[in-house]
Amino acid sequence: MPGRTRLTRPAYPGNETASVPVPLAADNDATAERNCGTMEAMSRLTPIDEAAPRLPLLVRPFQAGMTGWIVVFGATVVVLVGGAITSQKSLAATLPVLVTPVVVAFGFGIVQWWQVRSAGADRTSWWHLGAIPAAVLIWFLWPNVPNALNDANGSSAVSVCDNLPTDSTAACLHRAAPAVDAHNLALWLGLALVAVAALLARRSRIAVWSSIPAAFAGCLLASSFLEQLVLHYQVVK
């Protein structure tokens, strides 16, 4: 502080009263330098909010796992139960029930893929790819034709008409051709969605497991197109 002095020991032997005033400027300068250094060090520290930013919902392990489980399991249940309920309904009732859950599941999967990519988070474990062979197996084994056409090849209009009670093969073929085309389109779209899920697998667990409801939906939707043909001819099951 200005004007403040410090008394030192006597400068000469025998001079008991003499004292030499020493200013405290050096002490003040040292203290100021220490304070300045401390402030500079603190200014270089990264704030806690910047050092540990809050991760998006679908990147956090627990939240992402719970969300994925709810979305995929819910989509699978809706597809299976809804498909069974609307199997003999019109396509206007069947399409939303089978398509909407798959769209929602893949929507969550794409959002998760984007969030993981943007955050630079760790990629999904390889074992999640096990959903892809399971989906392909479902697509291959799950029935994609109505029970009334079990002996028919759903990809052939001729085979379908051979198993329908009709006296006019030509009329049956004319009506069956669009249904068979729609059947094949739905079936292969289901497999295409499985392939898309495989491409998104390394950054989105939700996407890769969405291949399961997609495979079910593809088979059930393909069967629904032929079911409309069966109902037209009023086949008793």
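Here is a chat between a biologist and a modeller about this predicted model.

Biologist: Which helices and strands make up the chain, and in what order do the elements run from the N terminus on?

Modeller: This is a predicted model, and its chain holds 9 helices and 2 strands. Start at the N terminus and you meet the strands, then the helices, in the order β-β-α-α-α-α-α-α-α-α-α.

Biologist: In which helix is confidence highest, and in which is it lowest?

Modeller: Over the chain, the mean pLDDT is 81, with 76% of the residues at 70 or more. Confidence peaks in helix α5, residues 131-141, at a mean of 96. At the other end of the scale, with a mean of 48, sits helix α2, residues 48-51.

Biologist: Over which residues does pLDDT stay under 50?

Modeller: Where pLDDT is low, the predicted coordinates should not be read in detail. One such stretch has 10 contacts beyond four places in sequence in the model, and its pLDDT stays under 50. That stretch is residues 16-22.

Biologist: Is tryptophan 139 buried or exposed?

Modeller: Tryptophan 139 sits in helix α5. Leaving out residues up to four places away in sequence, tryptophan 139 touches Leu187, Trp188, Gly190, Leu191, Ala215 and Cys219. Its relative accessibility is 12%, and the cut-off for buried is under 20%. So tryptophan 139 counts as buried.

Biologist: What distance separates the C-alpha atoms of tryptophan 139 and serine 211?

Modeller: Along the chain, tryptophan 139 and serine 211 are 72 residues apart. In space, their C-alpha atoms are separated by 9.9 Å.

Biologist: What share of the contacts with a separation of 6 or more comes from residues 24 or more positions apart?

Modeller: This one looks at the chain as a whole, where 35% of the 237 residues count as buried. Take the contacts in the chain with a separation of 6 or more, and ask how many join residues 24 or more positions apart. The share is 75%.

Biologist: Which element gives the largest share of the lining of the largest pocket?

Modeller: The largest pocket has about 320 Å³ of space. It is lined by 16 residues, and the closest to its centre are Ser87, Pro146, Leu220, Ser223 and Glu227. Two elements give two or more residues to that lining, α3 (61-85) and α9 (211-232). The largest share, 4 residues, comes from α9.

Biologist: How do the residues of that lining divide into nonpolar, polar and charged?

Modeller: Sort the lining of the largest pocket by residue type and you get three groups. They are 8 nonpolar, 6 polar and 2 charged.

Biologist: How many residues of α9 are buried?

Modeller: α9 has 22 residues and reaches 32 Å from its first C-alpha to its last, close to the 32 Å expected. The helix is largely enclosed by the rest of the structure, because its buried residues number 19 of the 22.

Biologist: Which elements do the buried residues of α3 pack against?

Modeller: α3 has 25 residues, which should span 36 Å at 1.5 Å a residue, and its end C-alpha atoms agree with that at 36 Å apart. Its buried residues include Ala64, Val71, Val72 and Val79. They pack against α4 (91-119), α8 (205-209) and α9.

Biologist: Arginine 60 lies in the loop between α2 and α3, so what is its relative accessible area?

Modeller: Not counting residues up to four places away in sequence, arginine 60 touches Arg54 and Leu55. Arginine 60 is buried, with a relative accessible area of 19%.

Technical notes: Residues are numbered from 1 along each chain as its sequence is written. This is a predicted model: local features need pLDDT of at least 70, side-chain atom pairs count only at pLDDT 80 or more; totals for chains, interfaces and linings use all residues. Side-chain values use heavy atoms; hydrogens and water are left out. pLDDT is the predictor's confidence in each residue, from 0 to 100. Contact means heavy atoms within 4.5 Å. Buried means under 20% relative accessible area, exposed over 50%, partly exposed in between (1.4 Å probe, protein chains only). On a 1 Å grid over the protein atoms alone, a cavity is a set of points where a 1.4 Å probe fits but cannot get out, and a pocket is an open set with protein on both sides within 12 Å along at least five of seven lines; lining residues have an atom within 4 Å of a point. Grid points are joined across faces, edges and corners, and a volume is the space filled by probe spheres set on the points. Ala, Val, Leu, Ile, Met, Phe, Trp, Tyr, Cys and Pro count as nonpolar, Asp, Glu, Lys and Arg as charged, and the others, Gly among them, as polar. The expected span of a helix is 1.5 Å times one less than its number of residues.
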